[in-house]
Amino acid sequence: MTLKATSKLHALVEELMILTNIHIAKCLKANPLYANVLILRSHKSPTQQQLAEWRHKEGNVANLVLKLQGKKTSPGHKLSLEAGWDERQHVVVQENIWTKLALCFETGNWAEARKLACTDALHPLQCLANEHWIEMMETAEYKCAYGLNEPDVSHFDLEVTCYTHFTSPSGGTPTCTFIDYCTPISTANHPTVLRRK
């Protein structure tokens, strides 16, 4: 298997694990037996001041970071390629990437042009903007759902209100324990919950 194929496979597994964790959290939260004892993964949002400073510092590059597309940076603004541009700021592209892009446009190789334009790793300023974003983030923490409101247990980076760790990337022991914990949930009420046999 090539490195590229392995990377795509890891990304797919990661996405499926996240979706599973969200689904299990929703199922457990909806069950009165577990709603108040559910352990959730909480991730606070940065302050509005931190987000505003990040937007100002990164300028036009902020809207180009593909990993951050759709992230809210203020109540009325999401990062997007279609967002407005400050024409006083320019986006720097490495000369070798620009040359390859120009060749792709000349030859009509749109797939390669898209790959060159949409790979954050090929654009140093986009990589830096993403690193600055990560540095600004609070550390996620585990919280018991009992007595907490939605903002207290939401996960800013994943943009979900209910998230738990049902899946385990390292060996599966926590997953088995969690499945044992979930086993009493009636499949009649929650037919989509996985049950351990």
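This report describes the fold, the nonpolar cores, the aromatic rings and a few single residues of one protein chain.

## Overall make-up

The model is predicted rather than determined by experiment. The chain has 7 helices and 4 strands, and, read from the N terminus on, its elements run α-β-α-β-β-α-α-α-β-α-α. Of the 197 residues in the chain, 34% are buried, while the accessible surface comes to about 12900 Å², with 58% of that area belonging to carbon and sulfur atoms. When contacts between residues at least 6 apart in sequence are considered, 65% of them join residues that are at least 24 apart.

## The nonpolar cores

The largest nonpolar core holds 12 residues in all, among them Leu-51, Trp-54, Val-61, Val-65, Ala-129, Trp-133 and Phe-156. Two elements, α2 (48-58) and α5 (124-136), each give two or more residues to this core, and the largest share, 3 residues, comes from α5. A second, separate core has 10 residues, including Ala-25, Ala-145, Val-153 and Phe-166.

Ala-129 offers a view into the largest core, of which this residue is a member. Ala-129 lies in helix α5, and it counts as buried because its relative accessibility is 0%, where the limit for that class is under 20%. Not counting residues up to four places away in sequence, Ala-129 touches Trp-54, Glu-58, Val-61 and Val-65. Val-61, with its neighbours within four places in sequence left aside, is in contact with Leu-125, Gln-126 and Ala-129. Ala-129 and Asn-63 are 66 residues apart in sequence, and their C-alpha atoms are 9.7 Å apart in space.

## Aromatic rings and a charge over a ring

The count of aromatic pairs comes to 3. One of them joins Phe-105 and Trp-110, whose ring centres are 5.6 Å apart and whose planes meet at 45°, an arrangement that is classed as tilted. Trp-110 itself is exposed, with a relative accessible area of 53%. Trp-54, Trp-133 and Phe-156 form one aromatic cluster, and these three residues also appear in the largest nonpolar core. In another arrangement that involves a ring, the charged end of Arg-41 sits over the ring of Tyr-142, at 4.4 Å from the ring centre.

## Cysteines and a buried histidine

A search of the whole structure finds 0 disulfides. Cys-162 is in no disulfide, and the nearest cysteine sulfur, which belongs to Cys-27, is 9.7 Å away, so the pair does not meet the cut-off of 2.5 Å between sulfur atoms. Cys-162 counts as buried at 8% relative accessibility, whereas Cys-144 counts as partly exposed at 34%.

His-155 is found in the loop between α6 (150-153) and α7 (173-182), and this histidine is buried, with a relative accessible area of 8%. Leaving aside neighbours within four places in sequence, His-155 is in contact with Arg-41, His-43, Val-160 and Tyr-163. Arg-41 is thus named both among the contacts of His-155 and as the residue whose charged end sits over the ring of Tyr-142.

The table sets out the accessibility of the residues discussed above.

| Residue | Relative accessible area | Class |
|---|---|---|
| Ala-129 | 0% | buried |
| His-155 | 8% | buried |
| Cys-162 | 8% | buried |
| Cys-144 | 34% | partly exposed |
| Trp-110 | 53% | exposed |

Notes
Residues numbered from 1 in each chain as written. Predicted model: local features only at pLDDT ≥ 70, side-chain atom pairs only at ≥ 80, totals over all residues. Heavy atoms only, no water. Phe/Tyr/Trp six-rings, centres within 6.5 Å; stacked < 30°, edge-to-face > 60°. Buried < 20%, exposed > 50% of the residue type's maximum accessible area, 1.4 Å probe, protein only. Lys NZ or Arg CZ within 6 Å of the ring centre and 35° of its normal. Core = buried A, V, L, I, M, F, W, Y, C linked by side-chain atoms within 4.5 Å. Contact = heavy atoms within 4.5 Å. Areas by Shrake-Rupley, 256 points an atom, 1.4 Å probe, with all protein chains shown as cover.
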